[in-house]
Amino acid sequence: MAYKNILVEKKEGIATIIINRPKMLNALNTATIGDLTNAVNDLEKDKNIKVVILKGAGEKAFIAGADIKEMKDMNVLEAKQFAEAGHHMLSCIRQSRLPFIAMINGYALGGGCEVLMNCDITIAGRNAKLGQPEINLGISPGFCGTQCLPRLVGRAKAKELLLTGRNLDAEEAYQIGLVNMVVDNDKLEEETEKLAKKIASKSPVQTAFIKALVNMGTDIDMHSACALEVSYFSSSFSTHDQKEGMTAFLEKRKPVFKGK
Ligand code: CAA
(Lines give C-alpha, C1' and ligand atoms only; values in the text may rest on other atoms or scores of the structure.)
Protein backbone atom coordinates (compact mmCIF):
# COMPACT_ATOMS: atom_id res chain seq x y z
CA MET A 1 0.00 0.00 0.00
CA ALA A 2 1.20 3.56 -0.71
CA TYR A 3 1.52 5.89 2.28
CA LYS A 4 1.59 9.68 2.37
CA ASN A 5 3.10 10.58 5.73
CA ILE A 6 5.15 7.54 6.66
CA LEU A 7 7.92 5.45 5.14
CA VAL A 8 8.22 1.70 5.56
CA GLU A 9 11.54 -0.07 5.10
CA LYS A 10 12.11 -3.81 5.33
CA LYS A 11 15.40 -5.62 5.90
CA GLU A 12 16.21 -9.11 7.20
CA GLY A 13 12.85 -9.71 8.89
CA ILE A 14 12.77 -6.26 10.50
CA ALA A 15 10.36 -3.55 9.31
CA THR A 16 10.99 0.08 10.18
CA ILE A 17 8.09 2.53 10.11
CA ILE A 18 9.25 6.15 9.95
CA ILE A 19 6.75 8.91 10.71
CA ASN A 20 7.75 11.42 8.08
CA ARG A 21 6.57 14.95 8.94
CA PRO A 22 9.83 16.31 10.37
CA LYS A 23 8.91 20.00 9.81
CA MET A 24 5.96 19.51 12.18
CA LEU A 25 8.01 17.32 14.52
CA ASN A 26 6.07 14.30 13.20
CA ALA A 27 2.78 15.47 14.72
CA LEU A 28 -0.03 12.96 14.17
CA ASN A 29 -2.82 14.21 11.92
CA THR A 30 -5.72 12.11 10.63
CA ALA A 31 -3.86 11.10 7.46
CA THR A 32 -0.80 9.94 9.41
CA ILE A 33 -2.94 7.95 11.82
CA GLY A 34 -4.59 6.30 8.80
CA ASP A 35 -1.20 5.52 7.27
CA LEU A 36 0.07 4.01 10.52
CA THR A 37 -3.03 1.85 10.91
CA ASN A 38 -2.70 0.58 7.34
CA ALA A 39 1.03 -0.07 7.74
CA VAL A 40 0.53 -2.07 10.95
CA ASN A 41 -2.16 -4.16 9.24
CA ASP A 42 -0.01 -4.64 6.10
CA LEU A 43 3.00 -5.79 8.14
CA GLU A 44 0.79 -8.14 10.11
CA LYS A 45 0.15 -10.06 6.86
CA ASP A 46 3.80 -10.12 5.75
CA LYS A 47 5.08 -13.44 7.01
CA ASN A 48 8.73 -12.42 6.43
CA ILE A 49 8.49 -9.70 9.08
CA LYS A 50 9.30 -10.61 12.68
CA VAL A 51 9.82 -7.26 14.44
CA VAL A 52 8.83 -3.64 13.83
CA ILE A 53 10.81 -0.53 14.74
CA LEU A 54 8.78 2.68 14.96
CA LYS A 55 10.63 5.98 14.77
CA GLY A 56 10.30 9.60 13.70
CA ALA A 57 12.09 11.33 10.82
CA GLY A 58 14.63 14.06 11.55
CA GLU A 59 16.80 14.84 14.53
CA LYS A 60 14.29 16.48 16.85
CA ALA A 61 11.31 14.27 17.50
CA PHE A 62 9.74 10.84 17.65
CA ILE A 63 6.25 12.42 17.66
CA ALA A 64 5.49 15.84 19.24
CA GLY A 65 1.86 14.84 19.79
CA ALA A 66 -1.40 14.97 17.91
CA ASP A 67 -1.55 17.75 15.31
CA ILE A 68 -2.64 20.88 17.15
CA LYS A 69 -3.29 22.78 13.90
CA GLU A 70 -5.70 20.10 12.75
CA MET A 71 -7.38 19.77 16.16
CA LYS A 72 -7.83 23.47 16.95
CA ASP A 73 -11.18 23.95 15.16
CA MET A 74 -12.62 20.47 15.58
CA ASN A 75 -16.15 20.15 16.87
CA VAL A 76 -17.19 17.51 19.39
CA LEU A 77 -18.02 14.88 16.77
CA GLU A 78 -14.78 15.46 14.86
CA ALA A 79 -12.76 15.24 18.08
CA LYS A 80 -14.51 11.96 18.94
CA GLN A 81 -13.74 10.51 15.51
CA PHE A 82 -10.13 11.69 15.79
CA ALA A 83 -9.67 10.07 19.22
CA GLU A 84 -11.37 6.88 18.00
CA ALA A 85 -9.02 6.71 14.99
CA GLY A 86 -6.03 7.09 17.34
CA HIS A 87 -7.37 4.41 19.67
CA HIS A 88 -8.00 2.06 16.76
CA MET A 89 -4.43 2.53 15.49
CA LEU A 90 -3.00 1.83 18.96
CA SER A 91 -5.23 -1.19 19.40
CA CYS A 92 -3.88 -2.58 16.08
CA ILE A 93 -0.33 -2.22 17.51
CA ARG A 94 -1.30 -3.88 20.81
CA GLN A 95 -3.07 -6.75 19.08
CA SER A 96 -0.42 -7.30 16.42
CA ARG A 97 1.50 -10.57 16.50
CA LEU A 98 4.65 -8.46 15.96
CA PRO A 99 6.79 -6.98 18.73
CA PHE A 100 7.01 -3.18 18.28
CA ILE A 101 10.11 -1.29 19.38
CA ALA A 102 9.66 2.48 19.77
CA MET A 103 12.91 4.36 19.10
CA ILE A 104 12.76 7.77 20.77
CA ASN A 105 14.95 10.42 19.24
CA GLY A 106 13.94 13.74 20.86
CA TYR A 107 10.36 14.70 21.73
CA ALA A 108 7.70 12.09 22.49
CA LEU A 109 4.88 14.24 23.80
CA GLY A 110 1.12 13.76 24.09
CA GLY A 111 0.10 11.40 21.28
CA GLY A 112 3.81 10.53 20.88
CA CYS A 113 4.10 9.32 24.45
CA GLU A 114 0.81 7.46 23.99
CA VAL A 115 2.17 5.68 20.91
CA LEU A 116 5.30 4.47 22.71
CA MET A 117 3.24 3.25 25.68
CA ASN A 118 1.34 0.98 23.28
CA CYS A 119 4.53 -0.43 21.77
CA ASP A 120 6.26 -3.37 23.45
CA ILE A 121 9.75 -2.01 24.18
CA THR A 122 10.99 1.59 24.19
CA ILE A 123 14.59 2.60 23.67
CA ALA A 124 15.41 6.28 24.12
CA GLY A 125 18.32 8.52 23.26
CA ARG A 126 19.67 10.70 26.08
CA ASN A 127 18.09 13.77 24.45
CA ALA A 128 14.56 12.32 24.69
CA LYS A 129 11.81 14.36 26.31
CA LEU A 130 8.59 12.58 27.20
CA GLY A 131 5.33 13.71 28.69
CA GLN A 132 1.62 14.32 28.46
CA PRO A 133 1.33 18.12 28.10
CA GLU A 134 -2.33 18.10 26.98
CA ILE A 135 -3.47 19.90 30.12
CA ASN A 136 -1.50 22.95 28.91
CA LEU A 137 -3.72 23.00 25.79
CA GLY A 138 -6.94 22.83 27.78
CA ILE A 139 -7.65 19.19 26.90
CA SER A 140 -7.10 15.78 28.47
CA PRO A 141 -5.13 13.08 26.61
CA GLY A 142 -7.13 11.39 23.85
CA PHE A 143 -5.00 8.45 22.69
CA CYS A 144 -5.01 6.29 25.82
CA GLY A 145 -2.65 8.39 27.98
CA THR A 146 -4.90 8.49 31.04
CA GLN A 147 -5.17 4.69 30.87
CA CYS A 148 -1.69 3.59 29.76
CA LEU A 149 0.32 5.86 32.04
CA PRO A 150 -1.13 4.63 35.38
CA ARG A 151 -0.81 1.04 34.18
CA LEU A 152 2.88 1.60 33.44
CA VAL A 153 4.06 3.91 36.21
CA GLY A 154 1.35 3.66 38.89
CA ARG A 155 -1.57 5.97 39.65
CA ALA A 156 0.23 8.52 41.80
CA LYS A 157 3.05 9.23 39.32
CA ALA A 158 0.61 9.20 36.41
CA LYS A 159 -1.63 11.78 38.08
CA GLU A 160 1.33 14.01 38.87
CA LEU A 161 2.51 13.93 35.24
CA LEU A 162 -0.97 14.32 33.74
CA LEU A 163 -1.96 17.14 36.10
CA THR A 164 1.25 19.16 35.71
CA GLY A 165 1.88 18.37 32.03
CA ARG A 166 5.61 18.55 32.73
CA ASN A 167 8.16 16.86 30.49
CA LEU A 168 10.51 14.13 31.68
CA ASP A 169 14.03 13.66 30.43
CA ALA A 170 15.16 10.19 29.33
CA GLU A 171 16.78 9.34 32.66
CA GLU A 172 13.65 10.12 34.71
CA ALA A 173 11.50 8.25 32.16
CA TYR A 174 13.78 5.25 32.63
CA GLN A 175 13.65 5.53 36.45
CA ILE A 176 9.84 5.35 36.48
CA GLY A 177 9.63 2.53 33.93
CA LEU A 178 8.30 4.52 30.99
CA VAL A 179 11.24 3.53 28.80
CA ASN A 180 13.21 0.28 28.88
CA MET A 181 16.67 1.63 28.15
CA VAL A 182 18.53 4.86 27.51
CA VAL A 183 21.55 5.05 25.21
CA ASP A 184 23.79 7.81 23.86
CA ASN A 185 22.18 9.53 20.88
CA ASP A 186 24.91 8.47 18.48
CA LYS A 187 24.32 4.83 19.45
CA LEU A 188 20.51 4.92 19.27
CA GLU A 189 20.08 3.53 15.73
CA GLU A 190 22.73 0.84 16.28
CA GLU A 191 21.37 -0.29 19.66
CA THR A 192 17.79 -0.35 18.34
CA GLU A 193 18.84 -2.50 15.42
CA LYS A 194 20.76 -4.84 17.74
CA LEU A 195 17.68 -5.25 19.93
CA ALA A 196 15.43 -5.83 16.90
CA LYS A 197 17.82 -8.46 15.49
CA LYS A 198 17.97 -10.26 18.82
CA ILE A 199 14.18 -10.51 19.01
CA ALA A 200 13.94 -11.42 15.31
CA SER A 201 16.20 -14.43 15.97
CA LYS A 202 13.63 -15.96 18.38
CA SER A 203 10.64 -18.10 17.50
CA PRO A 204 8.00 -15.79 15.92
CA VAL A 205 5.32 -18.06 17.37
CA GLN A 206 6.65 -17.39 20.84
CA THR A 207 7.19 -13.65 20.43
CA ALA A 208 3.53 -13.44 19.42
CA PHE A 209 2.43 -15.70 22.31
CA ILE A 210 4.43 -13.76 24.90
CA LYS A 211 3.15 -10.38 23.68
CA ALA A 212 -0.46 -11.62 23.72
CA LEU A 213 -0.08 -13.24 27.16
CA VAL A 214 1.40 -10.14 28.79
CA ASN A 215 -1.07 -7.76 27.12
CA MET A 216 -4.18 -9.86 27.76
CA GLY A 217 -3.08 -11.36 31.07
CA THR A 218 -2.38 -8.07 32.81
CA ASP A 219 -5.87 -6.80 31.94
CA ILE A 220 -7.73 -9.74 33.51
CA ASP A 221 -7.76 -11.45 36.90
CA MET A 222 -4.74 -13.56 37.94
CA HIS A 223 -6.64 -16.87 37.96
CA SER A 224 -7.88 -16.47 34.35
CA ALA A 225 -4.47 -15.11 33.27
CA CYS A 226 -2.71 -18.20 34.64
CA ALA A 227 -5.19 -20.46 32.81
CA LEU A 228 -4.39 -18.53 29.64
CA GLU A 229 -0.68 -19.12 30.21
CA VAL A 230 -1.20 -22.88 30.66
CA SER A 231 -3.16 -22.96 27.41
CA TYR A 232 -0.50 -21.07 25.40
CA PHE A 233 2.34 -23.05 27.03
CA SER A 234 0.75 -26.39 26.17
CA SER A 235 -0.13 -25.37 22.60
CA SER A 236 3.56 -24.50 22.08
CA PHE A 237 4.14 -28.27 22.08
CA SER A 238 2.32 -28.58 18.76
CA THR A 239 4.93 -26.37 17.05
CA HIS A 240 8.07 -27.05 15.06
CA ASP A 241 9.83 -24.32 17.05
CA GLN A 242 9.36 -26.14 20.37
CA LYS A 243 10.79 -29.38 18.93
CA GLU A 244 13.63 -27.45 17.29
CA GLY A 245 14.43 -25.32 20.38
CA MET A 246 14.66 -28.30 22.72
CA THR A 247 16.45 -30.56 20.21
CA ALA A 248 19.01 -27.81 19.50
CA PHE A 249 19.63 -27.37 23.23
CA LEU A 250 20.29 -31.08 23.68
CA GLU A 251 22.48 -31.21 20.55
CA LYS A 252 24.41 -28.14 21.83
CA ARG A 253 23.73 -26.02 18.74
CA LYS A 254 21.81 -22.85 17.91
CA PRO A 255 18.14 -23.42 17.08
CA VAL A 256 16.77 -22.50 13.66
CA PHE A 257 13.22 -21.31 14.26
CA LYS A 258 10.67 -21.32 11.43
CA GLY A 259 7.67 -19.69 13.06
CA LYS A 260 5.67 -22.88 12.69
N1 CAA B 1 1.03 19.81 16.37
C2 CAA B 1 1.20 20.60 15.30
N3 CAA B 1 2.36 21.23 15.03
C4 CAA B 1 3.36 21.02 15.90
C5 CAA B 1 3.25 20.21 17.02
C6 CAA B 1 2.01 19.58 17.26
N7 CAA B 1 1.80 18.76 18.27
N8 CAA B 1 4.42 20.22 17.68
C9 CAA B 1 5.25 21.02 16.98
N10 CAA B 1 4.60 21.50 15.89
C11 CAA B 1 5.13 22.39 14.86
C12 CAA B 1 5.25 23.82 15.37
O13 CAA B 1 4.01 24.49 15.27
C14 CAA B 1 6.28 24.38 14.44
O15 CAA B 1 5.66 24.68 13.21
P16 CAA B 1 6.00 26.07 12.44
O17 CAA B 1 7.46 25.91 12.06
O18 CAA B 1 5.07 26.06 11.27
O19 CAA B 1 5.78 27.16 13.43
C20 CAA B 1 7.22 23.19 14.19
O21 CAA B 1 6.45 22.02 14.53
C22 CAA B 1 8.46 23.19 15.07
O23 CAA B 1 8.04 23.31 16.42
P24 CAA B 1 8.59 24.46 17.41
O25 CAA B 1 9.01 25.67 16.63
O26 CAA B 1 7.58 24.66 18.49
O27 CAA B 1 9.90 23.73 17.98
P28 CAA B 1 10.61 23.95 19.37
O29 CAA B 1 11.90 23.22 19.31
O30 CAA B 1 10.64 25.39 19.74
O31 CAA B 1 9.63 23.22 20.46
C32 CAA B 1 8.24 21.43 21.27
C33 CAA B 1 9.45 21.84 20.39
C34 CAA B 1 8.57 21.70 22.75
C35 CAA B 1 7.99 19.95 21.05
C36 CAA B 1 7.01 22.27 20.86
O37 CAA B 1 6.86 22.20 19.44
C38 CAA B 1 5.74 21.81 21.48
O39 CAA B 1 5.49 22.10 22.64
N40 CAA B 1 4.87 21.10 20.70
C41 CAA B 1 3.57 20.70 21.16
C42 CAA B 1 3.66 19.53 22.13
C43 CAA B 1 2.27 19.15 22.62
O44 CAA B 1 1.59 19.93 23.26
N45 CAA B 1 1.85 17.90 22.32
C46 CAA B 1 0.55 17.39 22.70
C47 CAA B 1 -0.43 17.59 21.59
S48 CAA B 1 -2.08 17.23 22.05
C49 CAA B 1 -2.20 15.55 21.96
O50 CAA B 1 -1.27 14.85 21.65
C51 CAA B 1 -3.57 15.04 22.30
C52 CAA B 1 -3.72 13.57 22.35
O53 CAA B 1 -3.48 12.92 23.34
C54 CAA B 1 -4.30 12.86 21.22
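In the predicted model, Asn-26 is placed in the loop between β2 and α1, and this residue has a positive phi of about 60° although it is not a glycine. Asn-26 is buried, its relative accessible area being 0%, a value that falls under the 20% below which a residue is counted as buried. The loop between β2 (14-19) and α1 (30-45) also holds Leu-25, for which a positive phi of about 55° is found, although Leu-25 is not a glycine either. Leu-25 has a relative accessibility of 22% and therefore counts as partly exposed, since that class lies between the limits of 20% and 50%.

The surroundings of the ligand comprise 24 residues, of which Lys-60, Ala-66, Gly-111, Glu-114 and Glu-134 come nearest. For Lys-60, a polar side-chain atom lies 2.6 Å from an oxygen atom of the ligand, and for Lys-69, an N or O atom of the side chain is 3.4 Å from an oxygen atom of the ligand. At Ala-64 the contact involves the backbone, an N or O atom of which lies 3.0 Å from a nitrogen atom of the ligand. The ligand taken alone exposes 990 Å², and 66% of that area is buried by the protein. Two or more residues of the shell around the ligand are given by each of the elements α2 (68-71), β6 (107-109) and α4 (111-118), with the largest share, three residues, coming from α2. When the residues of this shell are sorted by class, 14 are nonpolar, four are polar and six are charged.

The analysis of open space was directed to the largest pocket, in which about 1,300 Å³ of space lies. Its lining is made up of 46 residues, and those that lie nearest the centre of the pocket are Asp-120, Ile-210, Lys-211, Val-214 and Asn-215. At least two residues of the lining are supplied by each of α3 (76-95), α4, β7 (121-125), α5 (145-153), α9 (204-217), α10 (222-235) and α11 (240-250), and the largest share, ten residues, comes from α9. By class, the lining of the largest pocket has 22 nonpolar residues, together with 15 polar and nine charged ones. The helix α4 thus appears in both descriptions, as an element that gives two or more residues to the shell around the ligand and as one that supplies at least two residues of the lining of the largest pocket.

Definitions and conventions:
Residues numbered from 1 in each chain as written. Predicted model: local features only at pLDDT ≥ 70, side-chain atom pairs only at ≥ 80, totals over all residues. Heavy atoms only, no water. Near = heavy atom within 4 Å. Polar contact = N/O pair within 3.5 Å; in protein donor to acceptor, adjacent residues only side chain to side chain. Areas by Shrake-Rupley, 256 points an atom, 1.4 Å probe, with all protein chains shown as cover. Helix = DSSP H or I, 4+ residues; strand = E, 2+ residues; numbered from the N terminus. Nonpolar A, V, L, I, M, F, W, Y, C, P; charged D, E, K, R; others polar. Buried < 20%, exposed > 50% of the residue type's maximum accessible area, 1.4 Å probe, protein only. 1 Å grid on protein atoms, 1.4 Å probe; cavity = no way out; pocket = protein on both sides within 12 Å on 5 of 7 lines; lining within 4 Å. Points joined across faces, edges and corners; volume = space filled by probe spheres on them.
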